[in-house]
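Subject: Handing over a structure

Hello,

I am passing a structure on to you, and below it you will find my notes on what turned up in it. Please keep the structure open while you read, so that you can look up each residue as it is named.

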Amino acid sequence: MSGLTVERMGVDSPAVTALLQRHFDLMRASSPEESCHVMQPDALLERDAALFAAREGAAVLGVGAIAVIGPEHGELKSMHTAAEARGRGVARHVLLALLAHARDIGLTRVSLETGTAEMFAPARTLYAAHGFTECPPFGTYREDPLSVFMTRTL
């Protein structure tokens, strides 16, 4: 994508916060509360997550975060591409930046939780294309028919 940059950012950016809030609202509207693991934007900072944003000029087109959840183990959180930018490779660029950051900080495994609904199929396809495979629940997650857990080594 010409003109797309991915960089580490904070939730102090109004455009980043707005996209994270869109993600939060969509996830809450799409899943029952007990099966919805989305985090409020400022909760990402409380977990010391590294937040990355894909931008084209001033427009924030995608976001994603990674939090360290154990020795050498990270979790992807809040991956979201703006609806108007989907199908342009934004999520792939964010994912690659997150995986590079994970390697840079010494992580050897990255895991994630995503949904089983059809709306999550593109995400599951993206993750599988980048080496993620399904796994049992990790961390504090429990089996849930609305969740898919995936992991990969780095």
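A salt bridge, as the term is used here, is a side-chain nitrogen of Lys or Arg within 4 Å of a carboxyl oxygen of Asp or Glu. Please bear in mind that this is a predicted model, and that the structure holds three such salt bridges.

In one of them Glu7 is joined to Arg55, with the closest N and O atoms 3.5 Å apart. This pair links distant parts of the chain, since Glu7 sits in strand S1 (residues 4–9) and Arg55 in strand S2, 48 residues apart. Glu7 is partly exposed at a relative accessible area of 35%, and Arg55, at 23%, also counts as partly exposed.

Strand S2 also holds Glu56, whereas Arg88 lies in the loop between S4 and H3, so their pairing ties together parts that are 32 residues apart in sequence. The N to O distance in this salt bridge is 2.9 Å. Glu56 is partly exposed, with a relative accessible area of 28%, and Arg88 is partly exposed with 35%.

The salt bridge between Lys77 and Glu75, at 3.8 Å from N to O, has buried partners: Lys77 has a relative accessible area of 7%, and Glu75 one of 4%.

Now to the interior. Which residues of the largest nonpolar core touch the most other members? Out of its 24 residues, these are Ile66, Leu76, Leu95, Leu98, Val110, Tyr127 and Phe132. Several elements supply at least two residues each, among them strand S3 (59–70), strand S4 (73–81) and helix H4 (121–129), but H3 gives the most, with seven residues. Leu98 is in contact with Ala50, Phe52, Gly64, Ala65, Ile66, Leu76 and Met79, if its neighbours within four places in sequence are left aside. There is also a second, separate core of twelve residues, which includes Leu19, Leu51, Val60 and Ala67.

Helix H3 (residues 90–104) allows a small check of the geometry: at 1.5 Å a residue its 15 residues should span 21 Å, and its end C-alpha atoms are indeed 21 Å apart, which agrees. The buried residues of H3 are Val90, Val94, Leu95, Ala97, Leu98, Leu99, His101 and Ala102. Just after this helix, Gly106 takes a positive phi of about 90 degrees.

The structure also holds four aromatic pairs. Tyr127 and Phe132 form one of them, arranged edge-to-face, with 5.7 Å from centre to centre and 65 degrees between the planes. Tyr127 is buried at 7% relative accessibility, as is Phe132 at 3%. Phe138 and Phe149 are also edge-to-face, at 6.1 Å from centre to centre and 85 degrees between the planes. Phe138 lies in the loop between S6 and S7 and Phe149 in strand S7, so this pair ties together parts that are eleven residues apart in sequence. Ring pairs link Phe138, Tyr141 and Phe149 into a cluster.

Finally, a word on confidence. The chain averages a pLDDT of 85, and 81% of the residues score at least 70. Among the elements of the chain, strand S6 (residues 133–134) has the highest mean, 98, and helix H2 (residues 41–46) the lowest, 63. Where pLDDT is low, the predicted coordinates should not be read in detail.

Best wishes

Notes. Residues numbered from 1 in each chain as written. Predicted model: local features only at pLDDT ≥ 70, side-chain atom pairs only at ≥ 80, totals over all residues. Heavy atoms only, no water. Helix = DSSP H or I, 4+ residues; strand = E, 2+ residues; numbered from the N terminus. Expected span 1.5 Å × (residues − 1). Buried < 20%, exposed > 50% of the residue type's maximum accessible area, 1.4 Å probe, protein only. pLDDT = per-residue confidence, 0-100. Core = buried A, V, L, I, M, F, W, Y, C linked by side-chain atoms within 4.5 Å. Contact = heavy atoms within 4.5 Å. Phe/Tyr/Trp six-rings, centres within 6.5 Å; stacked < 30°, edge-to-face > 60°.
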